[in-house]
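Trainee: I have a chain open on my screen and would like to go through it with you. Could we begin with the ligand?

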Amino acid sequence: MLAQNNENSTDSTALTATPFDAPMGAEVSGIDTRAPQDAGTIRSLKKLIAEHGCVVIRDQHLDEDQHVAFAESLGSTSIPWLNAVELNTLARMKELPGRPGYTGVHPGAVYFVNGPKYRDEPDDGYLQGWHADMTHLQVPLPYATLCALEVPDYGYETWLSDQSLAYEDLDPETKARVDQLSIIHNFQHVFPNLPRVILPVVLKHPISGKRSIYGIPGVAEGAPMDVPAEEAKVLMAKLAEHLETGRFVYKHVWQKGDVMIWDNRCVLHRRGPQAKGQTRILRRIMAADGDPATIRNQLMGN
Ligand SMILES: O=C(O)CCC(=O)C(=O)O
Ligand SMILES: [Fe+2]
């Protein structure tokens, strides 16, 4: 049975969250993402995202300008490091032969394009492995907003894994150990000029206060710092296995017009299996809110 959750008292908004039949995620109604948003609605929405890890709003059908405006209501979409280092990648992603309407104008609008009508993105392993986006940042990016422009008949799902549930599910001893650890995030294999960033393995969410596992291999580099090699190996294998159990996972089947927002700090994501011959186009815009130094401190549990 789906539970109902009314988020309407303090902010005089009427957002309704219906949790998915899954460990995480909820469908949210009571918001038109094409309209200007008031502060109370955005506060409520952010609380719901923090609570459920991700929310989906159906039937939105945003064009790029509307998508940018909505993402801007969550935070800033002008992320200078992104614009500087990813320009080449973005330019490549924006080449959509025969579909000028899908050419991104906003520098932060990234199009994920699959299907024989356009250009099949290589299934390069990276998008099909669990990851968070832009983990090379000093302050992990909070909001990934995605719109579904074209959807397949089957396949090309997006899978999400709630890492605060994963943390809570650890045995007390492992929890206590990972709480103490830091790990290096290195994106230099993609962008050689980026600095390496050190973050705790476990982040504390600035809104919910929940702890979640952020620094696992694949997302971060190799092993946590200052841990004997053998212990690090065992610990990381344990975290990876924990993630692979799928016990914290919601598998999203896209409907045209979906707007999905997940919290990139406490949720990992990956693309589901490729569906040969099927077409799917998603547009993603990331947004960052709050004062970076304050947020970083909160994430680090201070
Ligand atoms: O293609 C997908 O389903 C996932 C894409 C992705 O990794 C992202 O939106 O950051
Ligand atoms: Fe991603």
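Mentor: Certainly. By class, the shell around ligand 1 comprises 3 nonpolar, 2 polar and 3 charged residues. Please keep in mind throughout that this is a predicted model.

Trainee: Which residues surround ligand 1?

Mentor: The surrounding residues are F112, L127, D133, L146, T158, H269, R271 and R284. Several of the strands they belong to deserve a closer look. F112 falls within β5, residues 110–114, and L146 within β6, residues 143–150. T158 belongs to β7, residues 158–162, while H269 and R271 belong to β14, residues 267–271. R284 sits in β15, residues 280–287.

Trainee: Which strands pair with β15?

Mentor: β5 runs antiparallel to β15 and is joined to it by 5 bridges. β6 also pairs with β15 in the antiparallel sense, over 7 bridges.

Trainee: And what stands opposite what there? Take N114 and C147.

Mentor: N114 stands opposite R280 in β15. For C147, the bridge partner in that strand is R283.

Trainee: Why is β15 described as largely enclosed by the rest of the structure?

Mentor: Because 7 of its 8 residues are buried.

Trainee: How many residues of β14 are buried?

Mentor: In β14, 4 of the 5 residues are buried, and the strand is mostly covered. β14 and β7 run antiparallel, with 5 bridges between them. W159 is placed opposite R270 of β14.

Trainee: Changing topic: how far does helix α1 reach?

Mentor: α1 covers residues 39–52, 14 residues in total, and reaches 20 Å from its first C-alpha to its last. That is close to the 20 Å expected at 1.5 Å a residue.

Trainee: Which of its residues are buried?

Mentor: The buried residues of α1 are T41, S44, L45, K46, L48, I49, E51 and H52. The list includes the charged residues K46 and E51. After the helix comes G53, with a positive phi near 85 degrees.

Trainee: What about the chain as a whole?

Mentor: The chain has 8 helices and 15 strands. Of its 302 residues, 36% are buried. Among contacts between residues at least 6 apart in sequence, 77% join residues at least 24 apart.

Trainee: Where does pLDDT stay under 50?

Mentor: One such stretch is residues 83–88, with 4 contacts beyond four places in sequence. Another is residues 90–94, with 7 such contacts. Over the chain, pLDDT averages 84, and 82% of the residues score at least 70.

How values were computed: Residues numbered from 1 in each chain as written. Chains lettered and ligands numbered in written order. Predicted model: local features only at pLDDT ≥ 70, side-chain atom pairs only at ≥ 80, totals over all residues. Near = placed C-beta within 6 Å. Helix = DSSP H or I, 4+ residues; strand = E, 2+ residues; numbered from the N terminus. Expected span 1.5 Å × (residues − 1). Buried ≥ 20, exposed ≤ 12 C-beta atoms within 10 Å, placed from the backbone. Contact = placed C-beta atoms within 7 Å. pLDDT = per-residue confidence, 0-100. Pairing = 2+ DSSP bridges.
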